[in-house]
Amino acid sequence: MARATSKILLAVAALAAAPAAEAQLGIDLTAPDKKPAPPAAQKRDESLSLPALELGKTAPAAEAKARLDAAKRLLDEKATETAALAFDQILREPALAVAHDEARYQLGKALARMGLLHSALATFDEILAKGPGGSRFYGSSMEWLFYAGNKLKNEQPLLSRVAKHARDSFPPGFEDRFHFLLAKYEFERGRALADAGRADEARGAWGEARRLVSLVREQAGAAAPKGDAPSNEQGDVYAKARFVDGLVLYASGDDVGASEAFKQVVRLTNPKRGRASDPQLRELAFLQLARIHYQNRQNRYAIFYYGKMPWGGESWLEGLWEASYAHYRIGDYEKTLGNLLTLQSPYFKDEYFPESYVLKSIVYYENCRYPEARRVLETFAGLYQPVYDELVKTTAAQRPPAAYYDLLDTDARGGALPRRIMKLAFTDQNVRQLAQSVAEVEDEMDRGIGGRRSEFRQSALAKRLGDQLRAEKVTLVEEAGARTRAKLEWERDQLRSLLAQALRIKIEVSRKEREALEGSLARGSQVEVVKDLKYSSAVSDEHLYWPYEGEFWRDELGTYSYTLTRGCKDRLSRPGTASK
């Protein structure tokens, strides 16, 4: 099963967020040297008028200190917009150069507090670029880097910045977070190298990732210094590091070691252990364990771990689909069809599981249910032939990358087909993360800056920030468009293969039906080809038997079991019925 065995490496996206215009989201293959709160949620400034300072002919250093102190008082008093304008004004005056370093740092803080996270990161970049010896605010800026980066939906800006400054010192108390993020970066870098055919370099990157993981302590070390950056670290850093270690081991071909690492993640994320809760990481660990066992044809173990995934979780549908194949392998056709019934329910009509129809037709075919197999194949062709035609048309057109990104926004204008193609593109985690970053940048321009008072919107600071954000958006859209095209081309080819496979199954179904008809004519009576089935509706004390009559209830999704005639014999069975 391609989807089950190829996606284990994609799970790393759920762990820890869009870089500034000069920082790409792709992985550097060379050797490594929630949306922001809208302005309405913040306390509004009393006034945007900068305070008049009667400084007379004071010395530049004294004037700079007085201006800086006045701006910091505004920041302490929650007059954040006015403070940001004051710090920016200091930076624009060469005579106050002695205060520029702190003014830049305080400006970054103000922007972060205003929810202008991408702008804040770009500001802190200017300080971090000087290195530990170039600014006395290097360590504090690194703390704010973590704060702002952790609040973004896409973790890549934080990863790229940590990797960029890996050779520099970092604040005490942040070692574990640094080592984890660097390990994650090296893992993704190794995966990109492997995809590029550079296996030796990939192994080197994965070896470095494992070394960095080993430096993350199970018990937290020294507490982070009490700086002025709020802490918003989520989850258990040690458990996240062990998850990355599992991914590295799996990528290196060590399935046993990977399984042990993922089991440790399950134990660490057990809510009863009292460590930081991380239900999403726990769900992903179960999913990876199931995939490893499935790949090694240990189907019952795989089913066990798929069953541990929480109902309705972020990866629940993916696990339900993959479990269908594990049930099929052991001949549990009833549960296979029950799972597929959930996947193909109206609740998930925009989800993309075309192979589920092919599997369903195979189950019917192998049990001599030829009319049902034919109907499933006809349904599949009716649903996905138009999707394939649209993908061919879309990928054949000569468009710039930005035009491919625009396809992701067709949901509001198109019907079911554009929605399905959008969902299809978003199954690529890189496309999804880039789209999230573009949305955050747009929101920061439209509401984060455009929704503020006219004095701020029309300021030189707002213009500079807007220019930076527009340049960043162009970079993000270009990369998202290129990745969208690659994803659509790959899915086009996969869908072509599935349509061809469905056609072959349909031909085989027709051949079997012809043989049955010829047998009937030869005998002068109907030939029965399906086993008769005696079944009971008894269920365990934890379940309730309820005949399926075409209706779907949300709380019953994933619990269906299909009563199916079992195999091919010379007797017709009664029609199958579904039960919950």
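Helices (H or I, at least four residues) and strands (E, at least two) are taken here as DSSP runs, numbered from the N terminus. This is a predicted model, in which local features need pLDDT of at least 70, side-chain atom pairs count only at pLDDT 80 or more, and totals for chains, interfaces and linings use all residues. Residues are numbered from 1 along each chain as its sequence is written, and side-chain values use heavy atoms, with hydrogens and water left out.

Start with the whole protein. It has 22 helices and 2 strands. Of its 580 residues, 51% count as buried. Buried means under 20% relative accessible area, exposed means over 50%, and partly exposed lies in between (1.4 Å probe, protein chains only). The accessible surface comes to about 27000 Å². Carbon and sulfur atoms account for 51% of that surface. These areas come from the Shrake-Rupley method with a 1.4 Å probe; for residues, only the protein chains shown count as cover.

Now take helix α4, residues 100-113. The expected span of a helix is 1.5 Å times one less than its number of residues. For the 14 residues of α4 that gives 20 Å, and the end C-alpha atoms are indeed 20 Å apart. Of these 14 residues, 13 are buried, so α4 is largely enclosed by the rest of the structure. Glycine 115 follows α4, with a positive phi near 85 degrees.

Helix α5 (residues 117-128) packs against helix α6 (residues 138-151). Their axes are 10 Å apart, at an angle of about 155 degrees. Axes are lines fitted to C-alpha atoms, for helices over the stretch in contact, and angles run from 0 to 180 degrees between N-to-C directions. Angles under 35 degrees count as roughly parallel, over 145 as roughly antiparallel, 65 to 115 as roughly perpendicular and the rest as oblique. α5 and α6 are therefore roughly antiparallel. Residues in contact (heavy atoms within 4.5 Å) include Leu121 and Phe124 of α5 and Trp144 and Leu145 of α6.

α5 also packs against α22, at about 100 degrees and with axes 10 Å apart. That makes α5 roughly perpendicular to α22. Here His118, Ser119, Ala122 and Glu126 in α5 meet Arg464, Leu465, Gln468, Leu469 and Glu472 in α22. Helix α22 covers residues 460-523 and also holds glutamine 494. Glutamine 494 is partly exposed, at 32% relative accessibility. Its C-alpha lies 9.6 Å from that of tyrosine 388, which is 106 residues away in sequence.

Next, a loop residue. Aspartate 236 sits between α9 (199-214) and α10 (237-251). It is buried, with a relative accessible area of 7%. Beyond its neighbours within four places in sequence, aspartate 236 contacts Leu268, Arg275, Ala276 and Asp278. Leucine 268 is 32 residues from aspartate 236 along the chain, yet their C-alpha atoms are separated by 8.3 Å.

Helix α12 spans residues 279-295. Its 17 residues should cover 24 Å, and the end C-alpha atoms are 24 Å apart, which agrees. α12 is mostly covered, with 13 of its 17 residues buried.

Finally, look at backbone angles. Most residues other than glycine have a negative phi. Arginine 297, just after α12, has a positive phi of about 60 degrees. It lies in the loop between α12 and α13 (299-307) and is exposed, with a relative accessible area of 56%. Lysine 78 also has a positive phi, about 70 degrees, although it is not a glycine. Lysine 78 is in the loop between α2 (60-76) and α3 (80-91). At 46% relative accessibility, lysine 78 counts as partly exposed.
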